[in-house]
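Student: Could you take me through the side-chain contacts in this structure up close? I'd like to see who pairs with whom and where the partners sit, and then have a look at the surface around them.

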Amino acid sequence: MNEGQMKIGINGLGRIGKLTVWHHVGRRYFNEIVVNIGRQAGTGLADIAHYLERDSTYGALHTFLHGHQAKPVITDVDDSAGTMVVDGITLRLLRTARTPQAIDWKAHGVRLVVDTTGQFLDPTLPADHPQGSVRGHLEAGAEKVVVSAPFKIKEEGVAMPGDAVTTVMGINANDYDPRRHRIISNASCTTTCLAHMMKPLINAFGAKRILSASMATIHAATGSQQVLDRLPKAGKTDLRKNRSIINNIILTSTGAAKALRLVIPEMEHIGFIAESVRVPVSSGSLIILVLSIQESPSEEPVRRGVLNRVYEQAAQLDPNGYLKYTETQNVSGDILGSPQAAAVIEGDETHTRTADLSLDLASIPGFSPSVLDSLTETVVRAPVTQAVIYGWYDNEMGSYVNMLGDRTVTIAENM
């Protein structure tokens, strides 16, 4: 499909949906954007235009597109037709269908859909599932669907369908097979950053030398959190989700470790723990990655300079600029909107500590007694370096939406 001759469908106009509209208006690959919001909003289309034009985190749309001297770019708002023109790109709003199967993508000439609702994440559910299914988009006329979140298969033990795949741009984008895959998960913002932090280390040291890893993401607030405390719904067990994000640090969970194994198979052999903490900022997040790396007697010791050099060289060789390395001291606001930056490694904060790991072979289950009897010493000592690495990511526009936009366009190019 030639650039500018294809429409894109977007289901949902929340944080990711809205910023995806911004991205594709600026990118100008698609000649029309069809957005399904599934309901009426405000008093009419003019109020939706008002919502699209302004953003509390990233400022005005016209400033984002053309700089601070630009004028508003939304014109020709036609409530009866359900259309407006955004910087020369036709934007069509659909306001009735609540489930993917009911959205008539075929009637609007939409072959490629990005679902940003975060609601339809199970690719095993049939298209006519009563609560809706991502497969409904295919039934409604789309040929491909990109999901802006990790898949979540509800029924335990059910395998991933053969036409579904999870990819992260710059990591395993080529796992997408245009002949076979129809539903593509773009993973999550945290998985995207984490993958770009882990892959250079695996390439440099090999998965076998990375004995264990853990991460904590200090994550910006999301739309699922509360402005003020509220009573939890019946049956809900996570009471923190109902507490105010305005003035609290809130412990939560992340599926980044599970999703990471889908895009970097070597992670299956590395013990990994992932934790998440929400903090009261609107966007801009940080991963603190902690690893235990076995030293090799034939190679340079793993120290701060070695790790920083791994990232600096990987960033220089990255053709898309998804990985960035800096020795500047940053705060979260500094990386908002950073173009194409899946991860920004702050080398100034990299640090390591090396110590001997002592392992008593006699305590290992199944270890041959005859071998133990032949040893004069059963305690083995190996030097292990613990490393701490910091990676910034703009969990909305700068990292995730840009990666999502690249994934969408690369799929369109093969349609």
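Tutor: Here's a walk through the side-chain contacts, followed by the surface patches and a couple of spacings along the chain.

Keep in mind that this is a predicted model.

Let's begin with the rings. Searching the whole structure turns up two aromatic pairs. One of them is W22 with F64, a tilted pair with 5.2 Å from centre to centre and 40 degrees between the planes. W22 belongs to helix α1 (residues 15-27) and F64 to helix α3 (residues 61-66), so this contact ties together parts that are 42 residues apart in sequence. The two partners differ in how much cover they have: W22 counts as buried because its relative accessibility is 0%, while F64 is partly exposed, with a relative accessible area of 36%. Then there's Y29 with F30, an edge-to-face pair at 4.9 Å centre to centre, with 75 degrees between the planes. Y29 and F30 are both buried.

Now for the charges. Side chains of opposite charge can pair when their charged atoms come close. In this structure you'll find 17 salt bridges. Take E32 and K7, whose closest N and O atoms are 3.8 Å apart. That pair links distant parts of the chain, with E32 in strand β2 (residues 32-36) and K7 in strand β1 (residues 7-11), 25 residues apart. E32 is buried because its relative accessible area is 10%, which is under the 20% cut-off. K7, with a relative accessible area of 25%, is partly exposed.

Next up is R28, which makes a salt bridge with D87; here the closest N and O atoms are 3.2 Å apart. R28 sits in the loop between α1 and β2, and D87 in the loop between β6 (83-86) and β7 (89-94), so the bridge ties together parts that are 59 residues apart in sequence. As for cover, R28 has 37% relative accessibility and therefore counts as partly exposed.

Further along, D163 and R182 meet through their side chains in another salt bridge, at 3.3 Å from N to O. Distant parts of the chain are linked here too: D163 is in the loop between β9 and β10, R182 is in the loop between β10 and β11 (183-185), and the two are 19 residues apart. D163 counts as buried at 13% relative accessibility, whereas R182 is partly exposed, with a relative accessible area of 36%. There's a network to look at as well: R15, K18, D55 and E396 are joined into one by salt bridges that share partners.

Let's turn to the surface. A patch of positive charge gathers K152, R230, K233, K236 and K241. If you want one member to find by eye, try K152, in the loop between β9 (144-147) and β10 (164-166). K152 counts as exposed because its relative accessibility is 57%, and the cut-off for exposed is over 50%.

The surface has a nonpolar patch too, formed by V227, L228 and I246, with about 320 Å² of accessible area together. L228 is in the loop between β12 (210-220) and β13 (250-252). With a relative accessible area of 63%, L228 is exposed.

Last, here are two spacings that make handy landmarks. Q294 lies in strand β15 (residues 285-294) and counts as partly exposed at 31% relative accessibility. Between the C-alpha atoms of Q294 and I210 there are 6.4 Å, although these residues are 84 residues apart along the chain. Q340 is in the loop between β16 (323-326) and β17 (343-346), and is partly exposed with a relative accessible area of 22%. From Q340 to A314 you count 26 residues in sequence and 15 Å in space, C-alpha to C-alpha.

Conventions:
Residues numbered from 1 in each chain as written. Predicted model: local features only at pLDDT ≥ 70, side-chain atom pairs only at ≥ 80, totals over all residues. Heavy atoms only, no water. Patch = residues over 30% accessible without salt bridge, like charges linked within 9 Å, V, L, I, M, F, W, Y side chains within 5 Å. Areas by Shrake-Rupley, 256 points an atom, 1.4 Å probe, with all protein chains shown as cover. Salt bridge = Lys/Arg side-chain N within 4 Å of Asp/Glu carboxyl O. Lys, Arg positive; Asp, Glu negative; His and termini not counted. Charge placed at Lys NZ, Arg CZ, Asp CG, Glu CD. Helix = DSSP H or I, 4+ residues; strand = E, 2+ residues; numbered from the N terminus. Buried < 20%, exposed > 50% of the residue type's maximum accessible area, 1.4 Å probe, protein only. Phe/Tyr/Trp six-rings, centres within 6.5 Å; stacked < 30°, edge-to-face > 60°.
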